[in-house]
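Reader: Could you take me through this model before I start looking at it in detail?

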Amino acid sequence: MKAIFNRFLRFAVLGLIPTVAYYIFAISLVETEVMTPEFALPSGFIAAVIISYQLNKHFTWKPEVSHSKHFRLYLLISIFGALTNYLIYALIVQVLKQNYIYAIMIVTVAIPIQNFILNEKWNFK
């Protein structure tokens with residue numbers, strides 16, 4: 001159990017790096033007029049997933065064999081996390097008519113936990 005908790009802590013701390021990269025990448029593309037937000041935000045998401053995968057592959061799970069399967073599953077889990085993020089937001093803000101800050105607080109905790117569990121149990125088992 002301690003090993004899983006330590007992996008989760010590494011996963012959480014390492015998650016800050018791709019998050020910052022996402023903001024820098026996406027905002028830079030928009031502000032330099034390379035892309036519109038509709039294209040820059042998904043591009044930033046993909047860049048963040050690649051960075052996150054590389055960091056977590058090397059520092060969180062350290063698989064003995066590197067397979068492209070791990071990246072495909074990591075990307076799929078990340079996309080599922082993004083969809084879950086949106087659904088939680090829509091439920092809290094649009095259905096329950098609560099302030100969006102509540103949605104942000106909930107997804108900030110829920111989505112990393114969801115992504116960690118899915119990667120831990122399904123991808124890097």
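Author: What follows goes from the overall fold to one helix, the nonpolar cores and a single glutamine. This is a predicted model, where local features need pLDDT of at least 70, side-chain atom pairs count only at pLDDT 80 or more, and totals for chains, interfaces and linings use all residues. Residues are numbered from 1 along each chain as its sequence is written, and side-chain values use heavy atoms, with hydrogens and water left out.

Reader: Fine, so how many helices and strands are there in the protein chain?

Author: The protein chain has five helices and zero strands, where helices (H or I, at least four residues) and strands (E, at least two) are DSSP runs numbered from the N terminus. Its C-alpha trace spans about 40 × 35 × 20 Å along the principal axes, and buried residues (under 20% relative accessible area with a 1.4 Å probe, protein chains only; exposed is over 50%, partly exposed in between) make up 30% of the 125 residues.

Reader: Where is the kink in α3 centred?

Author: The kink is centred on L55 and amounts to about 30 degrees, the bend at a residue being the angle between axes fitted to the seven residues ending there and the seven starting there. L55 is itself among the buried residues of α3, as are G44, N56 and K57, and the buried residues of this helix pack against α1 (2-14), α2 (16-31), α4 (68-95) and α5. After α3 comes K62, with a positive phi near 50 degrees.

Reader: And which residues form the largest nonpolar core?

Author: It has seven residues, namely F11, V49, Y53, W61, Y74, F116 and F124; a nonpolar core is a set of buried Ala, Val, Leu, Ile, Met, Phe, Trp, Tyr and Cys residues joined through side-chain atoms within 4.5 Å. Helix α3 (residues 37-61) gives the most to this core, with three residues. Another core lies apart from it and has five residues, including I88, I92, V107 and I111.

Reader: What is Y74 in contact with?

Author: Setting aside neighbours within four places in sequence, Y74 is in contact (heavy atoms within 4.5 Å) with F11, V49, S52, Y53, N56, W61, N119, N123 and F124.

Reader: Switching topic, is Q114 buried or exposed?

Author: Q114, which lies in helix α5 (residues 100-123), is buried, because its relative accessible area is 18%. Not counting residues up to four places away in sequence, Q114 touches F80, G81 and T84.
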